[in-house]
Amino acid sequence: MNSTLMLRRFCCCNATVTPSSAVSSQKKPLVFLGSPEVSATVLDSLFNASSKPDSTFELMPSPVAQHALDRGFPSDLIFTPERAGEEAFLHSLKALQPDLCVTAAYGNILPTKFLNIPSMGTVNIHPSLLPLYRGAAPVQRALQDGVKETGVSLAFTIRALDAGPIIASKTLEVDDHIKAPELLDLLFSEGTKLLIHELPSLFDGAAKEKAEPQDDSKATLAPKITPEESWLCFDEEASVLHNKVRAFAGWPGTRAKVIVIGTKNDQDILDLKVITTRVSSHRNHVTEEDEITFANGALVFPCARSSGLEVLEVQPPGKKVMPAAAFWNGLRGQKLKIVKMERVLPAAMSTL
């Protein structure tokens, strides 16, 4: 889904003090903000942790959200303001008197007025090993680069983009076939564990003491993905294209233009969504330049430096995702050739 069309879910939750319990009377106010589905996993983990007998915090919906829920208003239609800098929103946040704010894939720039409200600061779960891949698409850009390891960082939020001191991080190995949605879920799951483990130090101030400043000289950017980048350009090597398919899985996906040549030499151009791929262990012999062949259950696209991209799943226009074999059988003897596309570069991918 295009992020410019997505309203942000109201995921702010406030801890309350319950005087009847000695444990509850010490519980700290915590506000959570998140937008996409992965942030719900983080919120669920916070709820589970808050329900434990030795928990130092408690979560419940803010008063406005709770009132709307009590009146039968659909929970999926409760939203945050479009911008975190809106005065009404900041006024409501200040009324909650949070000790700590936590963000996870919130996708909204937090102004200084916001950051000044929580007494213990704002922390963010960022799915990269900061200072690498600062920005909107760290998981996608890391996979696109073909990294063999990545990770998740828990860092304080400052005005500069993803540049705050790092409280904790965890490194994970990346296999050659994992796609962005699965890796994103895994990283946020691990990041939530880091957050739960560090909550005591965040509330007592020890986290600020031990947090390490980032080395800005090693920072790289992870700019947001654009739909124009989704086209595959077969004058690149197969490994580059395979990494792109993994990185862009989910949204915006990857596409290839192919020419379908009929038995009477009639031609039709088809926009084919490429779903799952692997790098061929060898280059299949083709009878013509740019011809797409079929071998071992895969469409084989010839790529740069005699490499081949094996496409295992595709989605033709107006149809469901299907195995490459089913698509090939449906051609009934028609041939396929690649339509050459110009490579589209991201808006920025440079060292800060």
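A residue is called exposed when its relative accessible area is over 50%, and by that cut-off Arg305, with a relative accessible area of 73%, is exposed. The views below show a predicted model.

**View 1. The salt bridge between Glu237 and Arg305 links distant parts of the chain.** The closest N and O atoms of Glu237 and Arg305 are 3.5 Å apart. Glu237 sits in the loop between α7 and α8, and Arg305 sits in the loop between β11 and β12, with 68 residues separating them in sequence. Whereas Arg305 is exposed, Glu237 has a relative accessibility of 30% and counts as partly exposed.

**View 2. Salt bridges that share partners join Lys170, Glu190 and Lys193 into one network.** Within this network, the side chains of Glu190 and Lys193 meet at an N to O distance of 3.4 Å. Both residues belong to helix α6, where a spacing of three residues separates them by about one helical turn. Glu190 counts as buried at 12% relative accessibility, while Lys193 is exposed, its relative accessible area being 51%. The structure holds 11 salt bridges.

**View 3. A salt bridge pairs Glu198 with Lys210.** The closest N and O atoms here are 2.8 Å apart. Glu198 lies in helix α6 and Lys210 in helix α7 (residues 206–210), so the pair ties together parts that are 12 residues apart in sequence. Glu198 is buried, with a relative accessible area of 6%, whereas Lys210, at 39%, is partly exposed.

**View 4. The largest nonpolar core contains 43 residues.** Leu30, Leu100, Val123, Leu195, Leu199 and Leu202 touch the most other members of this core. Two or more residues come from each of several elements, including β2 (30–34), α1 (37–50), β4 (100–104) and β5 (122–126), and α6 gives the most, with nine residues. When residues up to four places away in sequence are not counted, Leu199 touches Leu30, Leu46, Phe57 and Leu100. A second, separate core of 24 residues includes Leu232, Phe234, Ala238 and Leu272.

**View 5. Helix α8 (residues 238–247) is largely enclosed by the rest of the structure, because eight of its 10 residues are buried.** The buried residues of α8 are Ala238, Leu241, His242, Asn243, Lys244, Val245, Arg246 and Ala247. They pack against the helices α5 (138–144) and α6 (180–204), and also against the strands β8 (254–261), β9 (267–279) and β12 (308–315).

**View 6. Strand β10 pairs in the antiparallel sense with β14 and with β11.** Two bridges join β10 to β14 (residues 335–338), and in β14 the bridge partner of Ile292 is Leu336. Three bridges connect β10 with β11 (residues 298–302), where Thr293 has Val300 as its bridge partner. β10 and β11 form a hairpin with two residues between them, and Asn296 in the turn has a positive phi of about 55°. Four of the five residues of β10 (residues 291–295) are buried, so this strand is largely enclosed by the rest of the structure.

**View 7. Ile158 is found in the loop between β6 and β7.** Ile158 is partly exposed, its relative accessible area being 36%. Leaving aside neighbours within four places in sequence, Ile158 is in contact with Leu115, Ala163, Gly164 and Pro165. The C-alpha atoms of Ile158 and Thr112 are separated by 8.1 Å, although the two residues are 46 residues apart along the chain.

How values were computed: Residues are numbered from 1 along each chain as its sequence is written. This is a predicted model: local features need pLDDT of at least 70, side-chain atom pairs count only at pLDDT 80 or more; totals for chains, interfaces and linings use all residues. Side-chain values use heavy atoms; hydrogens and water are left out. Buried means under 20% relative accessible area, exposed over 50%, partly exposed in between (1.4 Å probe, protein chains only). Contact means heavy atoms within 4.5 Å. A nonpolar core is a set of buried Ala, Val, Leu, Ile, Met, Phe, Trp, Tyr and Cys residues joined through side-chain atoms within 4.5 Å. Two strands pair if DSSP finds at least two bridges between them. A salt bridge is a side-chain nitrogen of Lys or Arg within 4 Å of a carboxyl oxygen of Asp or Glu.
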